[in-house]
Amino acid sequence: MGLGNLKQLTPFVKEAFQQTLLVAKFLCGLHVTNTYLCTFALTQGPSMLPTFNLTGDLVLAERLSTRFEKMQRGDVVLVRSPENPRKIVIKRLMGMGGDTVKYVAGPGNNDKEHTIVVPNGHVWIEGDNKFNTTDSRKFGPVPYGLVQGRVFWIVWPPEDFGSVGREVQ
């Protein structure tokens with residue numbers, strides 16, 4: 001390869017490097033946005049009926065509320081499952097550290113109401129579909145550090161597009 005051919009390749013190498021750098025910057029920005037600002041999640045299953053569809057909704061969750069401890073009772077949250085750490089679940093935040101929460105143990109025990117004081121540094125989460133959900137009524141209070149974000153918008157399906165309200169029960 002002669003010096004003339006090397007000079008001809010230099011603009012191509014420079015362009016390829018610039019394009020690679022642009023893609024790398026985009027991917028870094030995407031990573032920072034997804035990790036620290038907001039993320040998409042797919043809901044599945046019956047535990048949050050009627051708030052979300054059984055077949056699944058695509059939702060947007062912001063991560064700033066959890067980082068700055070601005071979560072409130074009634075928020076719908078993404079939580080790393082205490083039973084299976086590889087899984088993220090979506091539930092409603094029913095109690096924060098120090099709160100007294102009253103709950104019914106299960107569908108067969110509708111008369112039996114339990115009361116618990118949520119320990120500091122923990123939250124109490126429940127699915128909206130009280131008769132078909134695995135939540136704090138089964139595994140107890142969840143460490144606040146497992147809360148990954150606050151769901152605030154339904155993106156898909158189009159007929160449900162809009163904000164996810166805070167519901168205090």
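**View 1. Cysteine 38 and its distance from cysteine 28 in the predicted model**. In this predicted model, the sulfur of cysteine 38 forms no bond because the closest cysteine sulfur, which belongs to cysteine 28, lies 17 Å away and is too far, where a disulfide would require the two sulfur atoms to be within 2.5 Å. Cysteine 38 is partly exposed, since its relative accessibility is 26%.

**View 2. The search for disulfides and the place of cysteine 28**. When the whole structure is searched, zero disulfides are found. Cysteine 28 takes part in no disulfide, and the cysteine sulfur nearest to that of cysteine 28 is the one in cysteine 38, 17 Å away.

**View 3. Helices and strands along the protein**. The protein contains three helices and 10 strands, and, when followed from the N terminus, these elements come in the order α-β-β-α-β-β-β-β-β-α-β-β-β. Among the contacts between residues at least 6 apart in sequence, 55% join residues that are at least 24 apart.

**View 4. Overall dimensions of the protein**. Taken along the principal axes, the box filled by the C-alpha atoms is roughly 90 × 35 × 25 Å. The radius of gyration of the protein is 23 Å, whereas a compact globule of 169 residues would have one near 15 Å.

**View 5. Surface, burial and charge**. Of the 169 residues, 34% count as buried, and the accessible surface of the protein amounts to about 10600 Å², with 59% of that surface belonging to carbon and sulfur atoms. The protein carries 19 positive and 15 negative side chains, and the centres of these two sets are 10 Å apart.

Technical notes:
Residues are numbered from 1 along each chain as its sequence is written. This is a predicted model: local features need pLDDT of at least 70, side-chain atom pairs count only at pLDDT 80 or more; totals for chains, interfaces and linings use all residues. Side-chain values use heavy atoms; hydrogens and water are left out. Buried means under 20% relative accessible area, exposed over 50%, partly exposed in between (1.4 Å probe, protein chains only). Helices (H or I, at least four residues) and strands (E, at least two) are DSSP runs, numbered from the N terminus. The radius of gyration is taken over C-alpha atoms; the globule rule is 2.2 Å times the number of residues to the power 0.38. Contact means heavy atoms within 4.5 Å. Accessible areas come from the Shrake-Rupley method with a 1.4 Å probe; for residues, only the protein chains shown count as cover. Lys and Arg count as positive and Asp and Glu as negative; His and the chain ends are not counted. The place of a charge is taken as NZ of Lys, CZ of Arg, CG of Asp or CD of Glu.
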